[in-house]
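Colleague: I would like a close look at a single part of this model, with its surroundings worked in afterwards. Please keep to what the coordinates give.

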Amino acid sequence: MKRVYVNEKWCLGCHLCEYYCAFANSVEKDMVKALKNKTVQPRIQIEEKDQVCFAVSCRHCEEPLCVKGCITGALTKKDGLIAVDKNKCVGCCTCILSCPYGAVKMAAEGIVQKCELCMGNQSGEPACVKGCPNQAIVYEER
C-alpha cells in the first residue's frame, strides 16, 4: 500500500504540506478564505528534531491499535485504509492514546482526525505531496 513519506534531506521545514492538507480538507474553494486568521488543522504534521524534519501522518498499520482501541467503532479499516466515521466519534481519545506514531489528533470539532490519503482526491495524489515545493513529501510504496 502507498503511504506518505518525507525525505528528511530535502525537507526545508516550510510546513506548506500542512497548509495544503488543511485546505484540501476544508469546505472552502479559496485557500485564503480557508486558512487566513484560522487555526490550521492539517492531518499531516512536520516535526523537527536535531535539524531533521519528518512527517507525522497515519501509517495505516497492518494491525492498527487505534482501531482496536476505538470503543465506538468510529475507526475502521477497509481496503488497507483506516477511516474515521465522524458520526460515531465521541471524542474519548482512546485511539489517540493507542497510536504509537502520534498520528491521530483531536480536531476543533471534538472529533478525531487523521490522514486518510485524500481518498476523495481526483488526482490520486495527497494534497501534502502536491503542495511540497521541494518534493520532499512523497506518496509511494516502500
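Is Cys 58 buried or exposed, judged by its relative accessibility? Please start there and work outwards.

Modeller: Cys 58 counts as buried because its relative accessibility is 6%, and the cut-off for that class is under 20%. The model is a predicted one, so a word on confidence comes before the detail. The mean pLDDT of the protein chain is 89, with 97% of the residues at 70 or more. Cys 58 sits in the loop between S3 and H3. The two elements that flank this loop mark the ends of the confidence range: strand S3 (residues 52-56) has the lowest mean, 82, and helix H3 (residues 65-69) the highest, 95.

Once neighbours within four places in sequence are set aside, the contacts of Cys 58 are Ile 82, Ala 103, Lys 114 and Cys 115. Val 104 can be placed relative to Cys 58 as well: the two C-alpha atoms are 7.0 Å apart, although 46 residues separate the pair in sequence.

Val 104 belongs to the loop between helix H4 (94-98) and strand S6 (105-106). With a relative accessibility of 4%, Val 104 is buried. Outside four places in sequence, Val 104 touches Cys 66, Cys 95, Ile 96, Cys 99, Val 112, Gln 113 and Lys 114. Lys 114 thus appears in the contact list of Cys 58 and in that of Val 104. The C-alpha atoms of Val 104 and Lys 114 are separated by 5.0 Å, with their positions 10 residues apart along the chain.

Next come the salt bridges, of which the structure holds three. One of them joins Glu 116 to Arg 43, with 3.7 Å between the closest N and O atoms. This pair connects distant parts of the chain, 73 residues apart: Glu 116 lies in the loop between strand S7 (112-113) and helix H5 (127-131), and Arg 43 in the loop between helix H2 (31-35) and strand S2 (45-49). Both Glu 116 and Arg 43 are buried.

A second pair is made by the side chains of Glu 63 and Lys 68, at 3.4 Å from N to O. Here Glu 63 is exposed, at 54% relative accessibility, and Lys 68 is exposed too, at 58%. In the remaining pair, Glu 140 meets Arg 142 at 2.8 Å, N to O. Glu 140 is partly exposed, at 29%, whereas Arg 142 is exposed, at 59%.

Glu 140 leads to the strand pairing, as strand S8 covers residues 137-140 and runs antiparallel to S1, with four bridges between them. Within that pairing, Tyr 5 stands opposite Val 138. In a regular strand, side chains alternate between the two faces of the sheet. Strand S1 (residues 3-6) is covered on both faces: Arg 3 and Tyr 5 are buried on one side, Val 4 and Val 6 on the other.

Another antiparallel pair is formed by strand S4 (residues 75-78) and strand S5 (residues 81-84), again with four bridges. Lys 78 faces Leu 81 in S5. Two residues lie between the strands of this hairpin, and Asp 79 has a positive phi near 55 degrees there. Most residues other than glycine have a negative phi. Asp 79 counts as exposed because its relative accessibility is 73%. Ile 82, named above as a contact of Cys 58, falls within the span of S5 (residues 81-84).

Cys 93 also has a positive phi, of about 70 degrees, without being a glycine. Its place is in the loop between S5 and H4. At 25% relative accessibility, Cys 93 is partly exposed.

On the surface, Leu 16, Tyr 19 and Tyr 20 make up a nonpolar patch with about 250 Å² of accessible area together. Tyr 20 is part of helix H1 (residues 16-24) and is partly exposed, with a relative accessible area of 33%.

To return to the starting point: Cys 58 is buried, with Ile 82, Ala 103, Lys 114 and Cys 115 in contact, and Val 104, at 7.0 Å between C-alpha atoms, is buried as well.

Terms used
Residues numbered from 1 in each chain as written. Predicted model: local features only at pLDDT ≥ 70, side-chain atom pairs only at ≥ 80, totals over all residues. Heavy atoms only, no water. Pairing = 2+ DSSP bridges. pLDDT = per-residue confidence, 0-100. Patch = residues over 30% accessible without salt bridge, like charges linked within 9 Å, V, L, I, M, F, W, Y side chains within 5 Å. Areas by Shrake-Rupley, 256 points an atom, 1.4 Å probe, with all protein chains shown as cover. Salt bridge = Lys/Arg side-chain N within 4 Å of Asp/Glu carboxyl O. Buried < 20%, exposed > 50% of the residue type's maximum accessible area, 1.4 Å probe, protein only. Contact = heavy atoms within 4.5 Å.
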